Amino acid sequence: MHNPQLNTNGELTHLLSIDGLPRAVINHILDTASSFLKVSHRDVKKVPLLRGKSVFNVFFENSTRTRTTFEIAAKRLSADVINLDVTRSSTAKGETLLDTVDNLVAMHADMFVVRHAASGAPHLIADHLRRLGRNDVHVVNAGDGSHAHPTQGLLDMYTIRHFKQDFSNLSVAIVGDILHSRVARSDIHALTTLGAAEVRAVGPQTLLPTAIEKMGVRVCHDLASGLRDCDVVIMLRLQNERMNGALLPSAREYFRCYGLTPAMLALAKPDCIVMHPGPMNRGVEIDSDVADGTQAVILPQVTFGIAVRMAVMGILAGN
Amino acid sequence: MSSEPAIDLPDADAQCAQLAELIRPRLQEDTVLVGIHSGGAWVARRLRELLGLHAEIGLIDVSFYRDDYGARGLRARVRPSSIPFDVEGRPLILVDDVLYTGRTTRAAINELFDYGRPASIQLAVLADRGRRQLPICADFCPWRVDLDPSQELVLSADANGRLQWSLAANA
């Protein structure tokens, strides 16, 4: 079956999802990112790779942080970045998604960074560009519905590789609202492709997708057994809007059962790292003592995220 | 199909020693070497030993500065550049294995200036195969050779670190 992310030479031309990405492609992105990491430490934090290219951040759903990290990454590659708050402009006036895309292509866009509340929107844009024969225009998925958030998944893999080197002996626990989390899906696909020994999905039954075992993970409804002897914990953000429905009794109750406290973390291996995609809810999914503790690598994740996004854009724009 | 005329490839290790002697009289107290990945890095390491320099060498990978990115993309494995000294005000010697079109040298100079303003940059190469496309020349070079553009001159290092030349068909 044709992989919509690869061109006819098998090179990455869009980044839509980690699902279906060959291991070699993931490793190429992570290796390239380590070179870009050094660029951010220099006096001149820029390389001329994307000079003259126009990167359009097209966010149909608000996310200041993700948009900013893509903007910084594109600027460090010397691209021109245009931020469109589509929710408040064209779409509000009734323009369709693909009409918006056609307009931006007519403005000579070279790359779209797309965030959309609907799963599959970036995929739709990539298909549309293919039908137009525009193989020179690239799409990066910056989060679509509850489907995928591939650059977050890749920066999580970069972080794990940085601190643990090898995936083959690792037990990784992903804790929290996996049902609504595009990050969790991207992480699971990436960890499986990179050969992690064990991936555990930890959370209450109401927040785990049915049949998640089919993705090759071990399900734990109990935090203590989910954390025992693991090497990496990835905490997910509990979105406030989930609290009011039938899924959860209350934030306090959630923290009591699934909040990561120092006592709970002590069940994991002593050198276990704690990750979180941000923004954190202290006292809901994570205790401040853990978030600010020596095992937390949450801020390095942010730094690595810029380098990983530079690598993704640098590779796509050259293919 | 005509066979390529055979040419004798010189001993690359002996050339490193010649190159070191060309550089030696022009060394300043704070001169540092910067090797271009990967062939230039091997040669720069060898030169540092031969010249008895204390300062660490710098290594650069010019992938992010190449002018053929639009045509070739970022395919090959990019290695991190590492410049473990302050470039500002230092005399630098840029080291590469082969000087050909001059485009790699151009990219390397551009990258070095993103670390600071060096006092000077000189260029040392093991081989100069002519046919420049930019106004660049080597300050130190033990071997000038004219090869057909269909041929690629490749430096490789074996397990013991011995350097060796070979010819390959240009991809």
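Let's start with Glu21(B), which is exposed because it has 12 other C-beta atoms within 10 Å (exposed is 12 or fewer, buried 20 or more, partly exposed in between, with C-beta atoms placed from the backbone). Glu21(B) sits in helix 1 of chain B, residues 12-23; helices here are DSSP runs of H or I with at least four residues, numbered from the N terminus. Its C-alpha is 9.6 Å from that of Phe140(B), although the two are 119 residues apart in sequence.

A quick word on what you're looking at: this is a predicted model, where local features need pLDDT of at least 70 and side-chain atom pairs 80 or more, while totals for chains, interfaces and linings use all residues. Residues count from 1 along each chain as its sequence is written, and chains are lettered from A and ligands numbered from 1 in the order written.

Over in chain A, take helix 1 (residues 23-39) and helix 11 (residues 298-318): their axes come within 8 Å and cross at roughly 120°. Axes are lines fitted to C-alpha atoms over the stretch in contact, with angles from 0 to 180 degrees between N-to-C directions. The two helices of chain A are therefore oblique to each other, meaning neither under 35 degrees, over 145, nor 65 to 115. Residues making this contact (C-beta atoms within 7 Å, placed from the backbone) include Phe36(A) from helix 1 of chain A and Phe304(A) from helix 11 of chain A.

Now for the interface: 15 residues of chain A are in contact with 16 residues of chain B. On the chain A side, helix 1 and helix 11 of chain A each give two or more residues, and helix 1 of chain A has the largest share, with five.

How values were computed
Two residues are in contact if their C-beta atoms, placed from the backbone, lie within 7 Å.
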